[in-house]
Every structure is written in C-alpha cells, then in structure tokens.
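Got the viewer open and a selection tool at hand? Let's walk through this model together, one stop at a time.

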Amino acid sequence: MADLSQQILRGTLDLLILKAVSAEAAHGYEIARWVERATRDVLHLEDGSLYPALYRLEERGYITADWRLTDDRRRAKYYTITAPGRRRLRDDTARWTTYAGAIFAALKVTTPMPRNA
C-alpha cells in the first residue's frame, strides 16, 4: 500500500498543498499535518517532497510566502494561496473529481469483459 500511496501523492501533491492553504496561511509542518489528517493518515508528506513542491508552487505564482512567528514564537515561512492558485485548485479539483469518479465506476463493474466473437 505504501508504494501506491506514494504514487498517488506524487500526482496530487500540488493539489493537496493548494487545498491545505486555501482557507488560511500555513507553514510547512502545518501543511504536512493537514494532509495526514485530511487523508486519515493514508498519505504522509516527507520534507524532501513537501518543500520542493512549495518552492515550485511559489515560483509559478500559485502561492506566496512570508516569514512569521508561530504560536510558540519560532520563525517559520507561511504560505498563502494566490488568485491563480485558487483557479488552479478549482480546475484541478474538477479534473481529479472526474478522474476519481471514473476509476470508482470501473471498480464497481461486476460484469465480465465481453469476449471477441
């Protein structure tokens, strides 16, 4: 299962990050914990995946970052979604919803595949 979850995560990481920061700004650790909670601990973000994705999203203008103090008074980089990021989140959510629906529909099929005559 770990291999499959890592493959799924690679294909959805940007979408998950954008969703995580869509309601309010968050730093990397908060984003990683949000993904774990939201996926009921199925997906886990490693620093080696999370931070390159955050830098890539920032470079592409989907998020912005600024330094702030955390609740325990430590400096951390907080990420905020931008208008282009919201558009990408909306579009990618629609695509993934369609894609996931198609996969679920195929998995529910109980009839055998027709044979060529």
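**Stop 1: a threonine in a loop**

Start by selecting T82 and G61: the side chain of T82 reaches the backbone oxygen of G61 at 2.6 Å. Bear in mind as you look that this is a predicted model. T82 sits in the loop between β3 (75-81) and α4. Is T82 buried or exposed? With a relative accessibility of 14%, T82 counts as buried. Now show what surrounds T82: setting aside neighbours within four places in sequence, T82 is in contact with G61, Y62, I63 and T64.

**Stop 2: along helix α4**

From T82, move on to helix α4, residues 83-108. Put a distance between the first and last C-alpha of α4 and you should get 37 Å, close to the 38 Å expected for its 26 residues at 1.5 Å a residue. Colour G85, L89 and D92, which are buried in α4.

Next, pick R87, which is also found in α4. R87 is partly exposed, at a relative accessible area of 42%. Keep R87 selected and add L69: the two are 18 residues apart along the chain, and their C-alpha atoms are separated by 29 Å.

**Stop 3: the aromatic rings**

How many aromatic pairs does the structure hold? There are two. For the pair Y51 and Y55, the ring centres are 6.5 Å apart and the planes meet at 45 degrees, so this pair is tilted. Y51 and Y55 are four residues apart in helix α3 (residues 47-59), which puts about one helical turn between them. Turn on the surface and you will find Y51 partly exposed at 26% relative accessible area, and Y55 partly exposed at 47%.

Go back to α4 for the pair formed by W96 and Y99, which is edge-to-face, with 5.1 Å from centre to centre and 80 degrees between the planes. W96 and Y99 are three residues apart in α4, again a separation of about one helical turn. W96 counts as partly exposed at 31% relative accessibility, and Y99 is partly exposed as well, at 48%.

A handy reminder while you rotate the view: an α-helix has 3.6 residues a turn, so residues three or four places apart point the same way.

**Stop 4: two sides of helix α2**

Select helix α2, residues 28-38, and highlight G28, I31, A32, V35 and E36, which are buried. Why do these residues line one face of the helix? Look down the axis of α2: its buried residues fall within an arc of 135 degrees, so they line one face. Turn to the other side of α2 and you meet Y29 and R37, which are exposed. Just after α2, click on R40, where the backbone takes a positive phi of about 55 degrees.

**Stop 5: the nonpolar core**

For the last stop, hide the surface and show I17, V21, I31, L45, L50, L54 and I63 as sticks. In the largest nonpolar core, which has 21 residues, these are the ones that touch the most other members. Which elements each supply at least two residues of this core? They are α1 (2-20), α2, α3 and β3. The largest share, six residues, comes from α1. Two names here link back to earlier stops: I31 is buried in α2, and I63 is in contact with T82.

Methods:
Residues numbered from 1 in each chain as written. Predicted model: local features only at pLDDT ≥ 70, side-chain atom pairs only at ≥ 80, totals over all residues. Heavy atoms only, no water. Buried < 20%, exposed > 50% of the residue type's maximum accessible area, 1.4 Å probe, protein only. Arc of directions from axis to C-beta. Polar contact = N/O pair within 3.5 Å; in protein donor to acceptor, adjacent residues only side chain to side chain. Contact = heavy atoms within 4.5 Å. Phe/Tyr/Trp six-rings, centres within 6.5 Å; stacked < 30°, edge-to-face > 60°. Expected span 1.5 Å × (residues − 1). Core = buried A, V, L, I, M, F, W, Y, C linked by side-chain atoms within 4.5 Å.
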